[in-house]
Amino acid sequence: MKKSILKNLLRSLLIPVGLSFLSACANKREEMQVAWYAGDNVKAQTKALEILDNKKEGTDALINMFEAASTSRGAGDFKKSKELLKDAYTLVKQYDEEAEVSISKETLAVLINQTMLPYRGYYYDRIMMSAYQALNYMQLGETENAKRELRRLYSFQKDAQYENQKRIEKEKEKLDAELAKNKSGFSITDTISNNEKLGTELTTHYGSSYQKNAHSAAKLFSNAFAYWLNGIYLAANAHDSAELESARKFLEFANGATDAKNPFIAIDLMTIEKNAPEAKKTNGVTYVIYEAGSAPIRKSFRVELPLMLINSKLPHVSMNFPYLKMQDSYVANIRVQAGSQSFYTECIADMDAIIKNEFDINLPMVITKTILGAAIKAGASAAVQNSIGDDSTRLVAGIGLGLLQASINNADLRTWSTLPKQISIARVETPANGSVTVDGFPLELNPKTVNIVHVKNNSASASSVIKVFNISK
């Protein structure tokens with residue numbers, strides 16, 4: 001009996017050793033992020049592709065594709081980004097079309113940690129995946145593909161709230177079923193309310209967000225940049241009044257999503273209204289898209305506490321909870337000059353806020369899973385130790401099980417880190433001589449088309465990367 005216990009214990013302790021490969025990938029991810037923040041987009045792309053090559057399949061496949069695609073865009077490799085986002089979309093569709101994650105897999109993920117399940121992409125991921133792919137097609141001159149991708153982009157945005165609500169309800173059913181199996185009377189509510197340390201840590205990192213009822217969350221998953229991109233592209237390529245009307249509707253959506261605070265959207269709406277009687281498409285305009293800074297990353301904080309039970313207390317356990325760490329090194333706006341016109345870009349999509357919105361909606365469920373998983377693992381650990389009569393074997397088993405729990409009680413920190421912190425835009429009438437200065441860089445543009453000047457700046461210490469293309473045919 002003693003040998004069997006020790007044998008199984010030693011086998012379980014090999015799990016942390018097997019995690020060394022994951023640690024190597026984590027180091028490469030950090031190298032990618034450091035290069036990205038420094039503005040070395042080519043090096044960041046190289047590191048991202050190395051990570052993807054090492055893990056083309058498995059639970060991290062999608063997040064690795066996202067990072068490789070956005071760093072490829074930053075490096076100016078739009079063809080590679082296009083290929084990667086095609087693969088990412090295929091994987092997203094595969095996940096969506098698969099049968100629901102089995103109860104056994106979901107339960108196993110609760111018992112171990114959420115990183116055992118595939119990263120399926122948050123809704124803001126999917127919207128930005130489609131927005132970047134639309135931009136890839138525009139920059140590569142693939143007009144019809146751009147139109148198709150913009151339709152897909154709208155679909156992702158439209159379905160986000162409804163689909164997220166369904167997903168949360170299904171997860172709640174699974175967790176309720178798991179809690180019902182627990183015969184000890186374990187209470188997550190008591191664990192939080194009766195432990196001052198846990199409550200303090202949750203409030204410190206989350207504010208009041210963790211107390212919200214995620215199951216009735218009704219926040220709109222709205223990215224005004226996605227609506228705006230649809231609107232200006234349709235307006236620049238409209239063949240008739242119906243397409244102009246579609247462009248107007250998308251710009252109205254964008255205007256509503258920004259609470260009518262972006263003046264450049266208002267100018268486009270007035271222009272479309274003026275052009276509508278003759279079904280005249282937009283022309284002779286330059287738009288500036290400015291991606292500033294980098295998106296939040298996910299870190300974790302650890303809390304050690306006893307789990308409150310009705311008749312007894314389980315041993316102290318460690319629980320790791322995720323939180324968002326904002327990347328605050330960025331230049332918020334850039335100046336655009338064209339003849340006598342001079343403007344600063346205005347924010348259209350606060351990615352920090354969009355990401356936090358979805359994080360907060362999912363947070364109560366994440367906390368529930370974390371505490372439940374720790375309770376199940378601690379209960380199993382106590383049961384194993386209590387079944388061993390020999391003191392020395394019980395001591396060894398206790399140490400081993402403690403090490404095992406420490407290695408698997410991890411928060412899910414996967415996130416698309418090379419998204420921007422915020423996106424801002426500007427709009428100017430292109431002068432007859434085509435001279436426009438953006439962020440101090442003089443440009444010569446075509447005064448008879450609709451130009452896009454795309455500016456990417458990953459941090460306040462990085463240099464800007466500027467790309468110019470036109471979207472009217």
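Select Ser329 to start. Ser329 sits in the loop between strand E3 and strand E4 (335-338). Helices here are DSSP runs of H or I with at least four residues, strands are runs of E with at least two, and both are numbered from the N terminus. This is a predicted model, in which local features need pLDDT of at least 70, side-chain atom pairs count only at pLDDT 80 or more, and totals for chains, interfaces and linings use all residues. Residues are numbered from 1 along each chain as its sequence is written, and side-chain values use heavy atoms, with hydrogens and water left out.

Stay on Ser329. Its relative accessible area is 37%, so Ser329 is partly exposed. (Buried means under 20% relative accessible area, exposed over 50%, and partly exposed in between, with a 1.4 Å probe and protein chains only.) Now show its contacts, meaning heavy atoms within 4.5 Å. Apart from neighbours within four places in sequence, Ser329 touches Gly293, Asn458, Ser459, Ala460 and Ser461. Add Ala292 to the selection. Ala292 is 37 residues away from Ser329 along the chain, and their C-alpha atoms are 9.3 Å apart.

**Strand E3**

Select Asn320. This residue lies in E3, which runs over residues 313-325. Asn320 counts as buried, at 8% relative accessibility. Draw a C-alpha distance to Lys299. The two are 9.5 Å apart in space and 21 residues apart in sequence.

**Two loops with positive phi**

Go to Asp439. Find it in the loop between strand E8 (435-438) and strand E9 (441-444). Its phi is near 55 degrees, a positive value in a residue other than glycine. Asp439 is partly exposed, with a relative accessible area of 28%.

Next, Asp259. This one lies in the loop between H12 and H13. Asp259 is not a glycine, yet its phi is positive, at about 55 degrees. Is Asp259 buried or exposed? It is exposed, at 57% relative accessible area.

**H12 against H13**

Colour the helices on either side of that loop. H12 covers residues 241-257 and H13 covers residues 263-275. Their axes lie 10 Å apart, at an angle of about 155 degrees. Axes are lines fitted to C-alpha atoms, for helices over the stretch in contact, and angles run from 0 to 180 degrees between N-to-C directions. H12 and H13 are therefore roughly antiparallel. (Angles under 35 degrees count as roughly parallel, over 145 as roughly antiparallel, 65 to 115 as roughly perpendicular and the rest as oblique.) The crossing of H12 and H13 is left-handed, a term used when the near helix is turned anticlockwise from the far one by less than a right angle.

Show side chains. From H12, the contact uses Leu244, Ala247, Arg248, Leu251, Glu252, Ala254 and Asn255; from H13, Ile265, Asp268, Leu269, Ile272 and Asn275. By class, that contact has seven nonpolar, two polar and three charged residues. Ala, Val, Leu, Ile, Met, Phe, Trp, Tyr, Cys and Pro count as nonpolar, Asp, Glu, Lys and Arg as charged, and the others, Gly among them, as polar.

**H3 against H4**

Move to helix H3 (residues 41-54) and helix H4 (residues 61-74). Their axes come within 8 Å and cross at roughly 155 degrees. H3 and H4 are therefore roughly antiparallel. The crossing is left-handed. On the H3 side, select Asn41, Ala44, Gln45, Ala48, Leu49, Ile51 and Leu52; they meet Ala61, Asn64, Met65, Glu67, Ala68, Thr71, Ser72 and Gly74 in H4. Eight of the residues in the contact of H3 with H4 are nonpolar, six polar and one charged.

**H7 and its partner**

Select Tyr137, in helix H7 (residues 123-139). Tyr137 counts as buried, at 1% relative accessibility. Beyond four places in sequence, Tyr137 is in contact with Lys82, Lys86, Glu142, Asn145, Ala146, Arg148 and Glu149. Phe78 is 59 residues from Tyr137 in sequence, and 8.3 Å away, C-alpha to C-alpha.

Now add helix H11 (residues 224-236). The axes of H7 and H11 come within 10 Å and cross at roughly 30 degrees. That makes H7 roughly parallel to H11. The contact brings Ile127, Ala131, Ala134, Leu135 and Met138 of H7 to Phe225, Ala226, Leu229 and Tyr233 of H11. What classes are in the contact of H7 with H11? Nine nonpolar residues, no polar and no charged.

**Zoom out**

Show the whole chain. It has 15 helices and 11 strands. Of its 473 residues, 51% are buried.
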